[in-house]
Amino acid sequence: MTKMLILRALGLGLMLGLGLSAPAAAQSGAYISQIGAANRASISQDGGAISGLAKVDQDGERNVADIFQTDAAHQTRVDQTGSLNEVLAIQRGGQSHVGVMTQEGSGNHISLAQISAVATQSAAITQLGDGNKVTLSQDGTANSATLPQIGSNKLMRLAQTGDGVISWRQAGD
């Protein structure tokens, strides 16, 4: 019995290590891994979030990740390394949205709202440094955003309201 559980956990870990993929057989998945002190992660998936996936990896101290998924098969991945980083991700609407967020450093903040009922929204947000902040709202038809912040004390505030592709890079101190 113990060997079977270890093999299943190892297989699941290998699958998740390859990236995001929804669980089989129309079920939602919520995965949290924490190393360090006083990290906090919460994942909320309502009954409509069938086949949704949320994965949080935290390595450091006092990192916070809050994920809320409703209405569809949304996918969120959060990787936090360092301390005092925060992510808030809200995904709702009848289409499947994807959010991938990476924070390395200290005191970074990401707020992502993907709320369209008419088309899939996607966002890839990376923060490498300290004291960076991104606020992104996506609604309407087929939006995509790639937002890397490299350095410290950067600020991005964006609202996509329909059929837009944005790639905005901030670098330097």
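Me: In which sense do β3 and β5 pair, and over how many bridges?
Reply: This is a predicted model: local features need pLDDT (the predictor's confidence in each residue, from 0 to 100) of at least 70, side-chain atom pairs count only at pLDDT 80 or more, and totals for chains, interfaces and linings use all residues. Residues are numbered from 1 along each chain as its sequence is written, and side-chain values rest on heavy atoms, with hydrogens and water left out. Helices (H or I, at least four residues) and strands (E, at least two) are DSSP runs numbered from the N terminus, and two strands pair if DSSP finds at least two bridges between them. For β3 and β5 the sense is parallel, and the number of bridges is 9.

Me: Which residue of β5 stands opposite aspartate 59?
Reply: The pairing of β3 with β5 is parallel. Within β5, the residue opposite aspartate 59 is threonine 81.

Me: Over how many bridges do strand β1 and β3 pair?
Reply: Strand β1 covers residues 29–35 and runs parallel to β3. Glutamine 34 stands opposite glutamine 58 in β3. The number of bridges between β1 and β3 is 7.

Me: How many of the residues of β3 are buried?
Reply: Buried means under 20% relative accessible area, exposed over 50%, and partly exposed in between, with a 1.4 Å probe and protein chains only. By this criterion β3 is mostly covered. The buried share of β3 is 7 of its 9 residues.

Me: Which residues are joined into one network by salt bridges that share partners?
Reply: A salt bridge is a side-chain nitrogen of Lys or Arg within 4 Å of a carboxyl oxygen of Asp or Glu. Aspartate 57 bridges to lysine 55 with the closest N and O atoms 2.6 Å apart, and to arginine 77 with the closest N and O atoms 3.6 Å apart. Aspartate 57 lies in strand β3 and arginine 77 in strand β5 (residues 75–83), so this pair ties together parts that are 20 residues apart in sequence. The network consists of Lys55, Asp57, Arg77 and Asp79.

Me: Is arginine 77 buried or exposed?
Reply: Two of the network members, aspartate 57 and lysine 55, are buried. Arginine 77 has a relative accessible area of 15%, and therefore counts as buried.

Me: Which residue meets aspartate 66 in a salt bridge?
Reply: The structure holds 4 salt bridges. The one at aspartate 66 has an N to O distance of 2.9 Å and links distant parts of the chain, from strand β4 to strand β2 (residues 40–45), 26 residues apart. Aspartate 66 counts as buried at 14% relative accessibility, whereas its partner counts as partly exposed at 42%. That partner is arginine 40.

Me: Which residues touch the most other members of the largest nonpolar core?
Reply: A nonpolar core is a set of buried Ala, Val, Leu, Ile, Met, Phe, Trp, Tyr and Cys residues joined through side-chain atoms within 4.5 Å. The largest one has 18 residues, and the elements that give two or more residues to this core include β3 (53–61), β4 (64–69) and β9 (122–130). The residues that touch the most other members are Ile67, Val78, Met101, Ile125, Val134, Leu136 and Leu147.

Me: Which residues does valine 78 touch, not counting residues up to four places away in sequence?
Reply: Contact means heavy atoms within 4.5 Å. Valine 78 is among the core residues that touch the most other members. The residues touched by valine 78 are Lys55, Val56, Asp57, Ala65, Ile67, Val87 and Met101.

Me: What phi does aspartate 71 have?
Reply: Most residues other than glycine have a negative phi. Aspartate 71 is found in the loop between β4 and β5, where it counts as partly exposed at 42% relative accessibility. Although aspartate 71 is not a glycine, its phi is positive, at about 80 degrees.

Me: What is the relative accessible area of asparagine 153?
Reply: Asparagine 153 is placed in the loop between β11 and β12. Its phi is also positive, at about 60 degrees, although it is not a glycine. Asparagine 153 is exposed, with a relative accessible area of 66%.

Me: Over which residues is the pLDDT below 50?
Reply: The mean pLDDT of the protein chain is 86, and 84% of its residues reach 70 or more. The stretch below 50 has 4 contacts in the model beyond near neighbours in sequence. That stretch covers residues 1–18.
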